[in-house]
Amino acid sequence: MAAERRSPVPLIVAALVGILLIVVVRTVLGGGDDPGGSAATDSGDPRPADPSCTQLQVAASSEKAALLSGLAQAYNASNPSVNGTCVQVAVASKASGGAADALARGWDETVDGPKPDVWTPASSSWTVLLRQATAQLDRPDLVPKKLPSVAQTPLVLAMPRPMAEALGWPAKALGWTDLVALAKDPQGWGTRGHPEWGRFKLGKTNPHFSTSGLNATIGAYFAATGRSNDLSVKDVADPTVTAFVKRLESTVVHYGDTTLTFLTNMARAAADGQGLTYVSAVTVEEKSVLDYNRGNPTGDPATEAGATPPAVPLAAIYPKEGTLLSDNPWVVLQAEWVTDAKRTAAADFLAFVQRPESQQEFQQAGFRTFEGKPGDVIDPANGMLPTQPAVVLAPPAPPVLQKVQDSWDSLRKRARVLMVMDVSGSMGEAVPDSGDTKLELAKQAATSAVQGFAPDDEVGLWAFSTQLGSAGEPWTPLVPIRPARSSVPAITKAVANLVPDGGTGLYATLRAAHRQMLADLNTDRINAIVLLTDGRNEYPVDTDLNGLLRQLSGESLDTSVRVFSIGYGDSADRASLESIAQASRAAYYDASDPASIGKVLVSVLSNF
């Protein structure tokens, strides 16, 4: 598979050491292309458990849980036995970060679902996070030394195929240096004969939350040095190297906690005839390219039937400077509840998963085998190259990686954000089992979340209900947008004084906030509105949702203001909020459980 291949496990292990400190501090363990939430979904054998059998519970990352569940059902149907005792395997879908978090704090079955005997996250990265977290909490190490793989998939730059072909794909080797050169040119895609595509724009996840975002950042540093190993602290501090990385980061449309936001928005843009203007490339796993080109960007097998392939398919660019692999490890937990019988059963089921017939199912889903062998679907016709990647990067040492993370915080694209909070009367409703109202929980979450802005990010605050303004308008500006070093203390004070009253003047408020943001647009920053509401529009002066959506989508995608909407509580108008986020090429976040608002706000602010 790779001309200069090195073992992916040391790379992935070292790669996440640096991310640990940030993740633990923020108490968010989020996934990369596997969402980092804590929800679990059982998807094992539909037959009832037989108490006379050894029951093996597997927690699998969401992108492969359904596939593993099908294999578990086939395994169970073969009536397996180990040492004379029958075995039954059940698979639960559990996001990698959520599982790492749950294991680190002791796994509460009432919150986290069935306690796993085997954990298979998207990447060995998460085993490092778990080891570090349990060490800090003075808990036993749950991760064994031997971590066999279930399947592999490399990180790629997914680019709309016409754009990739304009750069010479598939014949020409392409990479980070080509993208930086394109980004530096003021003519953008005009230098490739396509001025209508605008400037080069990158979709990239936040490396504090996402494995793909972290791996892409590491790859950019290696590309800047021209090496595939031995990255040093001196390299990370080199002005030439940091200028390269900063130039790349300056092309980012916004960051995020999952690549699905970018893929979903790309599909919508393509359907609207704008598939070549939303983003020029997104850092994703190779498997996601196949999912997208099949018309199923979520990769969920349940939604694949009847899916329509996109008008503009993606092509996978394997950075010529080198890339990283997700190895999907098989982690038989070193926990007191994992008996010897379960360990033996885990080894037997792994052998079943690694047999050629099972591995062919992974290949058909777009994975490579646990040995790295591509299947027939990994083909140029599907936008992928089976002979790539040519180079798998060697990891930097953990202290160097920490410097990479620290420097990203200073080099990333800066944000200009207006937070718009609903203070209508319904926000005063009590939240069961919490002792707080919805507004009180939102105030606590907002006060904490704004601390994540860098001092030179710009942030402001509006509140709205139905008649807050001096002229009777439903909104009132509380803190003008200015550098966070001065606005965050003011926001903290203003949030503390919010009280619930009135109805929900949603459309008029957002229309005014959007116009204000456009009037002071700064194209060198990520311009965005964070909209939090628990209701639906109740302002008869402005009921024109369609007009609002046209306003949000009518601007140039090169100079856009994105609206990240949060539906708070179970009465929020989810349909309208999703339409608002979609029209602005952003994302909708579900906080229907008010107790989740803290984690949701942190996820939203990961876009900046």
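## Reading a disulfide, a core and some strands

Mentor: Met 159 stands opposite Ala 315 in strand E9. Keep in mind that this is a predicted model.

Trainee: How do the two strands there pair, parallel or antiparallel?

Mentor: Look at the strand directions, then count bridges. Strand E6 (residues 153-160) runs antiparallel to E9, and four bridges hold the pairing.

Trainee: And which way do the residues of E9 point?

Mentor: Check the side chains one by one. In strand E9 (residues 314-317), Leu 314 and Ala 316 point one way, while Ala 315 and Ile 317 point the other way. All of them are buried.

Trainee: Met 159 caught my eye elsewhere too. Which residues touch the most other members of the largest nonpolar core?

Mentor: To read a core, ask who touches whom. This one has 108 residues, and the members with the most contacts to others in it are Met 159, Phe 200, Val 530, Ile 566, Ile 597 and Phe 608. Helix H8 (residues 211-225) gives the most to this core, with seven residues.

Trainee: What is Ile 597 in contact with, leaving aside its neighbours within four places in sequence?

Mentor: Its partners are Leu 441, Ala 442, Ala 445, Leu 532, Ile 566, Tyr 568 and Ala 591. There's also a second, separate core of 46 residues, with Trp 119, Leu 333, Leu 350 and Ala 365 among them.

Trainee: Ile 566 turns up again. Where does Ile 566 sit relative to E17?

Mentor: Opposite Tyr 589 in E17. Strand E16 (residues 562-568) pairs with E17 in the parallel sense, over four bridges.

Trainee: What is the strand order of the open sheet?

Mentor: Read across the sheet, strand by strand. The six strands go E14-E13-E12-E15-E16-E17, with mixed pairing. Strand E14 (475-483) and strand E17 (588-591) are at the edges with a single partner strand each, so one side of each has no neighbour in the sheet. The twist averages 15° from one strand to the next.

Trainee: Now the disulfide. How many does the structure hold?

Mentor: Just one. Start with the sulfurs: those of Cys 53 and Cys 86 are 1.9 Å apart. Then take the torsion about the S-S bond, which is about -100°, so this disulfide is left-handed. The pair links distant parts of the chain, 33 residues apart: Cys 53 lies in the loop between strand E1 (40-42) and strand E2 (54-60), and Cys 86 in strand E4 (residues 85-94).

Trainee: Is Cys 53 buried or exposed?

Mentor: Compare the relative accessible area with the 20% cut-off for buried. Cys 53 has 11% and is buried, whereas Cys 86, with 26%, is partly exposed.

Notes: Residues are numbered from 1 along each chain as its sequence is written. This is a predicted model: local features need pLDDT of at least 70, side-chain atom pairs count only at pLDDT 80 or more; totals for chains, interfaces and linings use all residues. Side-chain values use heavy atoms; hydrogens and water are left out. A disulfide is a pair of cysteine sulfur atoms within 2.5 Å. Buried means under 20% relative accessible area, exposed over 50%, partly exposed in between (1.4 Å probe, protein chains only). A nonpolar core is a set of buried Ala, Val, Leu, Ile, Met, Phe, Trp, Tyr and Cys residues joined through side-chain atoms within 4.5 Å. Contact means heavy atoms within 4.5 Å. Two strands pair if DSSP finds at least two bridges between them. Axes are lines fitted to C-alpha atoms, for helices over the stretch in contact, and angles run from 0 to 180 degrees between N-to-C directions.
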